[in-house]
Amino acid sequence: MVPKASQTMKSIVVILVCTLLLAVFQIATANDAEILTDFQLPLNVKSVDANYFTFTGARSLVGAPPPSVFNELLANFENFPSLRGQGVSASILRYPGGGINPLHSHPRSAELFVLVSGNLQVGFIDTNNKFYNQTLQAGDLFLFPKGLVHFQWNFDLGNPAIAVSLYGSANAGIVSFPVNLFASGIGDGVLAQSFRTDVPTVQKIKAGFSKHRS
Ligand SMILES: *[C@@H]1O[C@H](CO)[C@@H](O)[C@H](O)[C@H]1NC(C)=O
């Protein structure tokens, strides 16, 4: 007969394995949660009008001069609450000549990128480290697959550019790798070894983030 303690251990292991499998399955199928109503109202609000479905935060960009550095205006569930549960969001991206949207990824969504004006070089890297890049002109659409590292660069020094991005999540999330890796407090030793370089080189890169944290 199996002693009681070891049976308890077995049950615990079985429960742990089941929980882990469930967690992996949840991650694999992760998407914005389904809602069971047409739309979601803010807490303690009984009814809304069309204003709830309108975002006016980008009006100030119409006719505005190009920004001096790359600038992104996000419209997601945080500043546009009616998006909650609808699985969509957007952003307006503006690049001065020479401006860059640095290497980043969106953990919760693909990005459908629409270049409205100007010219950009864009690229992403897949999980086999293959680099895909393209030069876009106004009117072009480009797909950045979900979760992959990508960038947009306005190589055209003389002309600003404007783009609109659409996401299949109300909060696609942004992991901006330069800041994520070099301005989050990871130790110099870990970074030096990870990038197969030395601590002074890591500190030199980190110094660039002490003034601008983006
Ligand atoms: C792809 O990237 C390389 C390296 O930066 C660059 O020389 C090339 O012009 C790019 N191609 C396109 C189509 O943008």
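Is Arg 196 buried or exposed in this structure? With a relative accessible area of 79%, Arg 196 counts as exposed, since exposed means over 50% relative accessible area. The model discussed here is a predicted one, and its chain of 214 residues, of which 28% count as buried, contains four helices and ten strands. The points below begin with the chain as a whole and then turn to the ligand, a salt bridge and several individual residues.

**The chain as a whole**

- Read from the N terminus on, the elements of the chain follow the order α-β-β-β-β-β-β-β-β-β-β-α-α-α, which is the arrangement in which the four helices and ten strands of the chain appear.
- Among the contacts in the chain with a separation of 6 or more, 69% are made by residues that stand 24 or more positions apart.
- The chain exposes about 13,900 Å², and 61% of this area is supplied by carbon and sulfur atoms.

**The surroundings of the ligand**

- Around the ligand stand the residues Gln 121, Phe 131, Asn 133, Gln 134 and Thr 135, and the protein covers 43% of the 360 Å² of accessible area that the ligand has on its own.
- Strand E6, which spans residues 131-137, contributes four residues to the shell around the ligand, and this is the largest share.
- By character, the shell around the ligand is made up of one nonpolar residue and four polar residues, with no charged residue in it.
- For Thr 135, a polar side-chain atom is found 2.7 Å from an oxygen atom of the ligand.

**The salt bridge and Lys 206**

- One salt bridge is found when the whole structure is searched, and the partners are Asp 188 and Lys 206, whose closest N and O atoms are 2.6 Å apart.
- Because Asp 188 belongs to helix H3 (residues 188-194) and Lys 206 to helix H4 (residues 199-211), the pair ties together parts that are 18 residues apart in sequence.
- Asp 188 and Lys 206 are both buried.
- A polar atom of the Lys 206 side chain also lies 2.8 Å from the backbone oxygen of Ile 186, and when neighbours within four places in sequence are left aside, the residues in contact with Lys 206 are Phe 182, Ile 186, Gly 187, Asp 188 and Leu 191.

**The loop between H3 and H4**

- The exposed residue of the opening question, Arg 196, is found in the loop between H3 and H4, and phi of Arg 196 is near 50°, which is a positive value in a residue other than glycine.
- Thr 197 is found in the loop between H3 and H4 as well, but with a relative accessibility of 34% Thr 197 counts as partly exposed.
- The side chains of Thr 197 and Thr 201 are joined by a polar contact of 3.4 Å, while Ala 192 and Val 202 are in contact with Thr 197 once neighbours within four places in sequence are left aside.

**The loop between H1 and E1**

- Phe 39 lies in the loop that runs between helix H1 (4-28) and strand E1 (71-75), and a relative accessibility of 33% makes Phe 39 partly exposed.
- Not counting residues up to four places away in sequence, Phe 39 touches Val 48, Phe 53 and Gln 86.
- Although Phe 39 and Arg 84 are 45 residues apart along the chain, their C-alpha atoms are separated by 7.8 Å.
- Asn 44 is found in the loop between H1 and E1 too, and this residue is exposed, with a relative accessible area of 75%.
- The phi of Asn 44 is positive, at about 70°, although Asn 44 is not a glycine.

**A buried histidine in strand E8**

- His 150 has its place in strand E8, which covers residues 149-153, and His 150 counts as buried because its relative accessibility is 1%, where buried means under 20%.
- Between the side chains of His 150 and Glu 111 there is a polar contact of 2.9 Å.
- When neighbours within four places in sequence are left aside, the residues in contact with His 150 include Pro 102, Leu 103, His 104, Ser 105 and His 106, together with Glu 111, Gly 123, Phe 124 and Phe 144.

Note on methods. Residues numbered from 1 in each chain as written. Predicted model: local features only at pLDDT ≥ 70, side-chain atom pairs only at ≥ 80, totals over all residues. Heavy atoms only, no water. Near = heavy atom within 4 Å. Polar contact = N/O pair within 3.5 Å; in protein donor to acceptor, adjacent residues only side chain to side chain. Areas by Shrake-Rupley, 256 points an atom, 1.4 Å probe, with all protein chains shown as cover. Helix = DSSP H or I, 4+ residues; strand = E, 2+ residues; numbered from the N terminus. Nonpolar A, V, L, I, M, F, W, Y, C, P; charged D, E, K, R; others polar. Salt bridge = Lys/Arg side-chain N within 4 Å of Asp/Glu carboxyl O. Buried < 20%, exposed > 50% of the residue type's maximum accessible area, 1.4 Å probe, protein only. Contact = heavy atoms within 4.5 Å.
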